[in-house]
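Work through the exercises below with the sequence and the model open. Each task is followed by a solution in steps.

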Amino acid sequence: MQNSVLKSLSGAIFALAAVTAATALSSHAKAEMFTTKQPSLLRQAEKALARGDGSTALELTGTLRRQGVPARYVADVFGAECRAQLQLDDALAAEDACREALQTATGQAKWRLYNNLGVAQLRLGHYDHALASFRRATRISHSSDTPRRNLSLLQRFLRESTPEAGAEQLAANPQH
């Protein structure tokens, strides 16, 4: 029962993050993320992710990594792989990809990575690590409430959760 609630919670958090990230990017971040110099395969992977096609996104980023990723796009490629793995429900691989992305990420891009890392950690049942990741994302984010909402959802879940109690309530209202 608690496992299905965690899936519902992490699914709600990831969906909220995806919607927020898609709509809340500033024009500067959009220009930085989708420049004409960005590798074509990375643009295609981002489009696949937007369609919910994590498998295609992974194929494209894998091809790009085999061809050699320009240094300035390494974090973007691993970030896309993290999101693809989350879409495919492979939290362990998502966690690894997020950590790789964070090695070279800079600026505001880091909040999304820490947020997605938190989602992966939540799905793995690593609550303390998920809390820490959501807290870091909250400190970094200036344009999104997503990490704060995710942190609040997880804190509420942990506060109210016993193996049975609270879990049903969370499953009924995953976006609160």
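**Exercise 1: Leu58**

Leu58 lies in helix H4; helices here are DSSP runs of H or I with at least four residues, strands are runs of E with at least two, and both are numbered from the N terminus. The model is predicted, so local features need pLDDT of at least 70 and side-chain atom pairs count only at pLDDT 80 or more, while totals for chains, interfaces and linings use all residues. Residues are numbered from 1 along each chain as its sequence is written, and side-chain values use heavy atoms, with hydrogens and water left out.

Task: state how Leu58 counts by relative accessibility, and list what Leu58 contacts beyond its neighbours within four places in sequence.

Step 1. Buried means under 20% relative accessible area, exposed means over 50%, and partly exposed is in between (1.4 Å probe, protein chains only). Leu58 has 22% relative accessibility and therefore counts as partly exposed.

Step 2. With contact meaning heavy atoms within 4.5 Å, Leu58 is in contact with Glu81, Ala84, Gln85 and Leu88 once neighbours within four places are set aside.

Step 3. Cys82 is 24 residues from Leu58 in sequence, and their C-alpha atoms are 9.1 Å apart.

**Exercise 2: Thr61 and the packing of H4 on H5**

Task: decide whether Thr61 is buried or exposed, then describe how H4 and H5 pack.

Step 1. Thr61 is also found in helix H4. Its relative accessible area is 1%, so Thr61 is buried. Leaving out residues up to four places away in sequence, Thr61 touches Ala45, Val77, Ala80 and Glu81.

Step 2. Two packed helices are described by the angle and the distance between their axes. The axes are lines fitted to C-alpha atoms over the stretch in contact, and angles between N-to-C directions run from 0 to 180 degrees. For H4 (residues 54-67) and H5 (residues 74-87) the angle is about 150° and the axes are 9 Å apart.

Step 3. That angle makes H4 roughly antiparallel to H5 (under 35 degrees is roughly parallel, over 145 roughly antiparallel, 65 to 115 roughly perpendicular, the rest oblique).

Step 4. The residues of H4 that meet H5 include Gly54, Ala57, Leu58 and Thr61; among their counterparts in H5 are Val77, Ala80, Glu81 and Ala84. By class, this contact has seven nonpolar, five polar and two charged residues. Ala, Val, Leu, Ile, Met, Phe, Trp, Tyr, Cys and Pro count as nonpolar, Asp, Glu, Lys and Arg as charged, and the others, Gly among them, as polar.

**Exercise 3: H7, H8 and the loop between them**

Task: which residue classes make up the contact of H7 with H8, and what does His126 touch?

Step 1. The axes of H7 (residues 109-124) and H8 (residues 127-140) come within 8 Å and cross at roughly 165°. The two helices are therefore roughly antiparallel. Ten nonpolar, five polar and two charged residues form their contact.

Step 2. His126 sits in the loop between H7 and H8. At a relative accessible area of 33%, His126 is partly exposed. Apart from residues up to four places away in sequence, His126 touches Glu95 and Gln121.

**Exercise 4: The whole protein**

Task: how many helices and strands are there, and what share of the residues is buried?

Step 1. The protein has ten helices and zero strands.

Step 2. Of its 176 residues, 44% are buried.
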